[in-house]
Amino acid sequence: MYLNVRGRIDSLPRFLPTMLMTPNQVNVNQVNTSERLASLDILRGLDLFLLVFLQPVIFQAAHMADVPWLHALAYQFDHEVWEGFRFWDLIMPLFLFMAGTSMPFSLSRYGADRKALYRKVVKRFLILFVLGMVIQGNLLGFDIDRLYIYVNTLQAIAAGYLFAAIILTELKLKGQIVATVVLLFLYWLPMTLAGDFSMDGNLAGRIDAYVFGKFRGDPSYSWLLSSLTFTVTTLLGVFAGRILKENKGKPNHRPLVLIGLALIAVSLIWQFQMPIIKRIWTCTMTLFSGGICFVLMGVFYYWIDYKKHRRGWEWLKIYGMNSIMAYILGEFFNFRSIVHTVSYGLEPHLGRYYDAWLTLGNGIVILLVLRLMYRHKVFLKV
């Protein structure tokens with residue numbers, strides 16, 4: 001048997017093994033499930049399950065079978081080409097939103113020790129940013145012509161987390177709200193005055209092209225100016241986390257749902273001036289996706305944490321409590337070769353559907369790895 005890896009395993013950053021920790025090696029609060037919001041872990045788990053398991057299977061099945069409803073489903077499990085919004089455009093914002101939702105809980109453990117807090121924040125920023133370069137930036141390719149600096153979801157989370165943590169730590173609630181509005185304004189103003197919202201004419205894309213040059217990556221995406229709105233998405237999660245933390249155990253889902261609906265309404269009105277475009281993370285995209293995240297968080301909190309209806313949902317914690325590991329396994333490792341090694345005898349019988357089986361098997365192997373880690377309480381913490 002052999003394992004296909006995007007890069008050499010022995011070239012992984014040295015810090016990676018130190019992030020795999022058992023409960024005896026970390027603060028018990030980091031893995032104590034009784035102190036966690038089950039709804040947050042489960043919603044995060046659903047996000048990761050869709051990303052690393054379901055979407056690849058749906059894509060492969062749609063490629064193999066000429067079935068109209070399957071193609072329609074696969075269409076929703078892909079990003080919008082430019083203007084508009086599909087179901088799959090929610091996956092990344094939900095990831096950032098939930099990173100923000102956990103911050104009022106996780107950062108409060110540091111109390112008044114800002115030195116330790118900022119040490120943690122900067123360390124997490126650096127680890128996530130480097131992991132993003134490893135996974136999608138071709139850092140381990142050792143080819144300067146294929147090195148991309150800022151191109152990955154983990155790096156967007158890193159940027160949003162860093163700035164949101166500073167705002168959360170240094171400002172009170174009113175200041176945090178003002179900062180959120182200011183960040184939206186700082187994105188909106190230059191984007192409106194210096195160009196348009198087309199793929200070739202938008203300012204965010206031109207800034208990335210100028211700063212990164214050949215190290216830019218996909219030219220249809222922007223990252224530097226969009227870091228402002230990445231931060232807003234994370235801050236929206238912070239506000240949701242504040243509501244949940246201050247009213248834990250109470251039926252406080254209504255504010256979350258109402259705020260979410262309000263954000264969606266504002267974005268739908270604003271889109272006539274600034275379109276909803278996920279690839280450059282416009283203000284309207286930020287508010288529209290953030291509104292959906294608020295609604296989902298409210299519904300999941302009400303059903304799972306308040307009403308205690310957890311049967312049939314708990315298994316998603318396998319993904320949700322090890323979300324970074326799930327993302328790394330799904331994006332960095334390829335277990336199809338293992339599946340082929342143990343099931344190559346099925347190839348003559350499955351014919352052209354054999355590739356779909358390999359994709360399904362890859363997802364199953366990832367699930368088994370995560371389940372084993374979950375049972376032994378081994379979590380990847382950054």
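**Helices, a surface patch and aromatic pairs**

Helix 4 (residues 91-106) has the length one would expect: at 1.5 Å a residue, its 16 residues should span 22 Å, and the C-alpha atoms at its ends do sit 22 Å apart. The model is a predicted one. Most of helix 4 is tucked under cover, with 14 of its 16 residues buried.

Thr234 belongs to helix 9 (residues 227-246). With a relative accessibility of just 1%, Thr234 counts as buried, because the cut-off is under 20%. Setting aside neighbours within four places in sequence, Thr234 touches Leu96, Gly100, Met103, Gly160, Tyr161 and Ala164.

Helix 7 (residues 173-193) is where Val182 is found. Here the picture shifts to the surface: Val182 joins Val178, Phe185, Leu186, Leu189 and Leu193 in a nonpolar patch, and together these residues offer about 540 Å² of accessible area. Val182 itself has a relative accessible area of 38%, so it is partly exposed, a class that lies between the 20% and 50% limits.

As for aromatic side chains, a search of the whole structure turns up 20 pairs. One of them is Phe333 with Phe335, whose ring centres are 6.0 Å apart and whose planes meet at 15°, so this pair is stacked. Phe333 is buried at 14% relative accessible area, and Phe335 is buried too, at 8%. Elsewhere in the list of aromatics, Phe125, Phe129, Tyr150, Tyr221, Trp223, Phe230 and Trp281 come together as one cluster.

How values were computed
Residues numbered from 1 in each chain as written. Predicted model: local features only at pLDDT ≥ 70, side-chain atom pairs only at ≥ 80, totals over all residues. Heavy atoms only, no water. Patch = residues over 30% accessible without salt bridge, like charges linked within 9 Å, V, L, I, M, F, W, Y side chains within 5 Å. Areas by Shrake-Rupley, 256 points an atom, 1.4 Å probe, with all protein chains shown as cover. Salt bridge = Lys/Arg side-chain N within 4 Å of Asp/Glu carboxyl O. Helix = DSSP H or I, 4+ residues; strand = E, 2+ residues; numbered from the N terminus. Buried < 20%, exposed > 50% of the residue type's maximum accessible area, 1.4 Å probe, protein only. Expected span 1.5 Å × (residues − 1). Contact = heavy atoms within 4.5 Å. Phe/Tyr/Trp six-rings, centres within 6.5 Å; stacked < 30°, edge-to-face > 60°.
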